[in-house]
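Colleague: I would like a close look at the end of one helix, and then at how another helix packs.

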Amino acid sequence: MNLRRVLLTTRRILQQLRHDPRTIGLLLLVPSALIGLLAWTLSRRPSSFASIGPQLLGVFPLIVMFLVTSVITLRERTVGTLERLFTLPLTKGEFIAGYAFAFGLLAVVQSMLVATLSYTWFGLSHQGIPWRIGLVALCAGLLGTALGLALSAVAHSEFQAVQFMPAFILPQLLLCGLFVPVGQLPAALRLIADVLPMTAAIHAIAPWQSTAFYTGQFAIMVAYILGALAAGAATIRRKTK
Amino acid sequence: MKRGKITVDVAELRVVREGSEILHSLSFRASEGELIGLLGPSGSGKSTLMRSLLGVQVIAGGALQILTKPAGARSLRGKLGYMAQGSAVYLDLSVEENLHYFAGVLNEPREEVARVLEVVSLTSFARRVVSSLSGGERTRVSLATALLGSPPILILDEPTVGLDPILRRDLWDTFKKLAESGTTVLVSSHVMDEAARCERLLLLRDGHLLFDDSPTNLLAASKSSSYDDAFERLIEQHS
């Protein structure tokens with residue numbers, strides 16, 4: 001892995017986004033706007049916002065980053081630039097890492113923005129520590145990027161890539177405890193829910209838990225991020241069949 | 001003309017895609033300093049052959065040696081300049097941002113970008129975003145990326161499509177100069193008239209190599225006055 005080529009790739013992706021201010025705007029503002037809207041709808045029930053708000057901080061970045069990453073990497077294959085890069089001294093690992101850094105950086109900005117706005121403007125009062133919520137939002141964004149990279153290699157068109165969102169993200173949303181607490185799920189579903197990354201994100205936000213519990217939840221998320229990045233590197237092929 | 005070392009050695013190459021054979025036992029060799037035209041109608045297998053040489057296509061049989069290494073070898077990456085059909089550059093980047101990225105991956109200095117822009121006459125377009133350029137201009141951006149670092153082998157897939165005649169002539173002059181300096185240049189086209197610009201022709205049809213010789217010998221052998229007629233007669237002979 002050559003760091004110089006990774007960073008060149010990161011810079012190139014950020015340059016691409018700079019030429020597309022609307023995408024950057026959507027990427028950074030949509031999660032914040034959604035949380036703001038939620039705060040507004042629950043303005044007469046502040047205790048509900050205090051419990052649901054932080055949980056959604058772990059959900060929105062995942063969805064947004066997943067969509068953006070899968071479409072932009074897929075475009076790289078359909079336009080032919082990926083094949084072109086593979087005739088040059090760039091490895092699959094460097095390519096994936098370049099994307100992970102670029103979108104990881106965006107995820108940092110996005111999560112800081114959404115967490116800051118939540119605690120100030122939207123009036124979030126939560127017993128958790130703000131930096132932990134920011135960290136969860138960051139992990140969720142990174143996970144969205146990693147899953148997007150892995151699945152874009154399997155999708156044949158941008159249309160399919162977008163369809164992966166309901167297929168891979170929405171089941172997690174149903175199981176993560178947002179609608180029904182994980183403890184009240186049927187036993188089989190509970191087993192699945194406990195090892196899903198979105199559940200881990202929501203557990204990591206919950207207040208009054210032990211350090212060991214939080215560490216475990218972050219470990220689950222990091223394992224998924226690394227696993228999805230490795231799967232991305234494995235599913236992208238240098239040679240076409 | 002004096003020929004240099006053999007740079008490309010294709011022996012009984014077979015490519016199968018989605019169950020059907022696209023290239024049928026193709027063999028040819030190319031040397032340093034050769035300018036070769038790969039001609040044939042669309043769908044004849046030109047791009048597949050080029051992509052096989054680059055090592056980005058899975059092959060079903062035969063052997064491909066590039067600079068005495070098997071095609072696709074790690075040490076060959078960056079040794080073959082490739083211009084893909086349909087531009088294959090980042091449409092949402094400016095011309096120079098594209099070139100700086102590819103030059104960076106190749107570890108070439110920044111001055112190399114100015115040099116290749118000059119060769120394809122795009123210097124004044126350096127700051128334009130590629131998506132705002134015409135098809136012919138995009139093609140030249142892609143060609144410029146292939147020229148970065150003056151690789152010993154150039155594989156150019158339809159580089160003159162959609163260009164005006166003057167620019168086309170200039171580019172062919174560039175290809176000739178590159179060949180004279182020792183580069184092996186393989187240029188594909190579906191326009192038969194471009195045959196006259198090459199010193200050697202490979203004619204491909206339905207994945208078969210129908211002809212491998214000079215353009216003058218093509219006209220003589222088929223007793224034709226135009227390259228289109230010559231190709232037509234060649235097909236009749238083979239079917």
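Colleague: Which residue just after α4(A) takes a positive phi of about 100 degrees?

Modeller: A:G80 has that positive phi, just after α4(A). This is a predicted model, in which local features need pLDDT of at least 70, side-chain atom pairs count only at pLDDT 80 or more, and totals for chains, interfaces and linings use all residues. Residues are numbered from 1 along each chain as written, chains are lettered from A and ligands numbered from 1 in written order, and side-chain values use heavy atoms, without hydrogens or water.

Helix α4 of chain A covers residues 60-79 (helices are DSSP runs of H or I, at least four residues, numbered from the N terminus). At 1.5 Å a residue, its 20 residues should span 28 Å (1.5 Å times one less than the number of residues), and the end C-alpha atoms are 29 Å apart, which agrees. Of the 20 residues in α4(A), 15 are buried (under 20% relative accessible area, 1.4 Å probe, protein chains only).

For packing, turn to helix α1 (residues 3-18) of chain A and helix α2 (residues 95-105) of chain B: their axes, lines fitted to C-alpha atoms over the stretch in contact, come within 9 Å and cross at roughly 170 degrees between N-to-C directions, on a scale from 0 to 180. α1(A) and α2(B) are therefore roughly antiparallel (over 145 degrees). Among the residues of α1(A) in this contact (heavy atoms within 4.5 Å) are A:R4, A:L8 and A:R12, while the α2(B) side includes B:E97 and B:Y101. The residues of the contact divide into three nonpolar, four polar (Gly among them) and six charged (Asp, Glu, Lys and Arg).

Notes. Helix = DSSP H or I, 4+ residues; strand = E, 2+ residues; numbered from the N terminus. Buried < 20%, exposed > 50% of the residue type's maximum accessible area, 1.4 Å probe, protein only. Parallel < 35°, antiparallel > 145°, perpendicular 65-115°, else oblique.
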